[in-house]
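The following note sets out several points on the fold for a colleague's consideration. The points proceed from strand pairing to packing and then to individual residues.

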Amino acid sequence: MFLVTGATGDIGRRVVRLLRQREESVRAFVRLTSRYGELEHRGADIFIGDLKYDKDIAQACQGVQYIISAHGSDNDALALDYRANIELINQAKAMGVQHFVFISVLGADRGYEDAPVFKAKRAVERYLAASGINYTILRPAGLASNLLPLAERFRETGLYFLIGDPKNRTSIVSTDDLARIAVDSVTVAGACNQIFSVGGPEILLREDIPQIFSRIFNQEPIVINLPLLAVDGLRSVLGIINPETQKALGTFRTLLSEEFFCRKEEIALLEQTFNLELETLESFLRRYLAV
């Protein structure tokens, strides 16, 4: 049986769907307030719990052979990106889990001191690699599914807000491809005890994204390019009101200010190892937007 955390998120939901399509047994770790009806309908074993509680993690891990950690932080990197994953690894080791797949983030190893999510995920990577459990660590760049709401807004208004340098490079991966890679990691021999950078087949400039929207919807984009100073100003204000939110914005600023793209050789290795042809961003958007 597979345990999937973050099972109602963009990655986790697709992982569960794929596992059920392959008629694999899967336990979906969800919160009571989340929308898990589709997963239940597909035949997943629904485990309602909270990753902030060790007892829930221990119970969810019983009888599990594989774990795919796909949950996000909900602006609480310490509790969810770090502590929950550490406890998942501890339980995996105690219960003899055969393989642990960890969804990290591209750039986790760069030492971004002002980005809590990056720091937490890097600490988990190290802990997992030293645990003795068979593992695969996936470091995705931007997820194509994150752009769907922006694309819908563009369809209605023609507007695209771009914060920071429009020339920054990115490798946006099809979220469906990432889910397939995560699932296949437990059976592909070349993925065992490896770390992979995961991106799409193209290196894009951030200013290319509204042009892709323009082609899809056949309308000229109105690009509003805001400076990073706008985010810095917001962080300063929030620092007085809510210091925790200010810290969370450090990760957001890092994502906006730095480049996150995969080299061609990294993509070639990914396609060779997992025997797939990665989908372009435009193809992904066209499929989901029915254009």
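1. The model is predicted. In it, strand E5 (residues 99-103) and strand E6 run parallel and are joined by four bridges. Within this pairing, phenylalanine 100 stands opposite tyrosine 135 of E6. Between E5 and E6 the chain passes through helix H5 (residues 116-129), and the resulting β-α-β crossover is right-handed.

2. E6 also pairs with strand E9 (residues 194-198), again in the parallel sense, over five bridges. Here threonine 136 has glutamine 194 of E9 as its bridge partner.

3. Is E6 enclosed or open to the surroundings? Six of the six residues of E6 (residues 135-140) are buried, so the strand is largely enclosed by the rest of the structure. Tyr135, Ile137 and Arg139 point one way from E6, whereas Thr136, Leu138 and Pro140 point the other way; all are buried.

4. Threonine 136, located in strand E6, merits separate attention. Its relative accessible area is 0%, and the residue is therefore classed as buried, the cut-off being under 20%. A polar atom of the threonine 136 side chain lies 2.8 Å from the backbone oxygen of alanine 191. Leaving aside residues up to four places away in sequence, threonine 136 touches His99, Phe100, Val101, Phe102, Ser185, Ala191, Cys192, Gln194 and Phe196.

5. The largest nonpolar core contains 45 residues, and those with the most contacts inside it are Val4, Val15, Val16, Ile68, Leu138, Ile181 and Val198. Elements that each supply at least two residues of this core include strand E1 (2-5), helix H1 (10-21), strand E4 (66-69), helix H7 (175-184) and helix H11 (264-274). A second, separate core of 24 residues includes Leu3, Ala60, Val124 and Tyr135. In soluble globular proteins, nonpolar side chains tend to be buried together.

6. The surroundings of isoleucine 68 may be listed explicitly. Not counting residues up to four places away in sequence, isoleucine 68 touches Phe2, Leu3, Val4, Thr5, Val15, Val101, Ala182 and Val183.

7. Does the end-to-end distance of H1 agree or disagree with the expected helical span? At 1.5 Å a residue, the 12 residues of H1 should span 16 Å; the end C-alpha atoms of H1 are 17 Å apart, which agrees. Buried residues in H1 are Ile11, Gly12, Arg13, Arg14, Val15, Val16, Leu18 and Leu19. Just after H1, glutamate 23 adopts a positive phi of about 60°.

Definitions and conventions:
Residues numbered from 1 in each chain as written. Predicted model: local features only at pLDDT ≥ 70, side-chain atom pairs only at ≥ 80, totals over all residues. Heavy atoms only, no water. Buried < 20%, exposed > 50% of the residue type's maximum accessible area, 1.4 Å probe, protein only. Pairing = 2+ DSSP bridges. Right-handed = clockwise from strand over helix to strand, strands pointing away. Core = buried A, V, L, I, M, F, W, Y, C linked by side-chain atoms within 4.5 Å. Contact = heavy atoms within 4.5 Å. Polar contact = N/O pair within 3.5 Å; in protein donor to acceptor, adjacent residues only side chain to side chain. Expected span 1.5 Å × (residues − 1).
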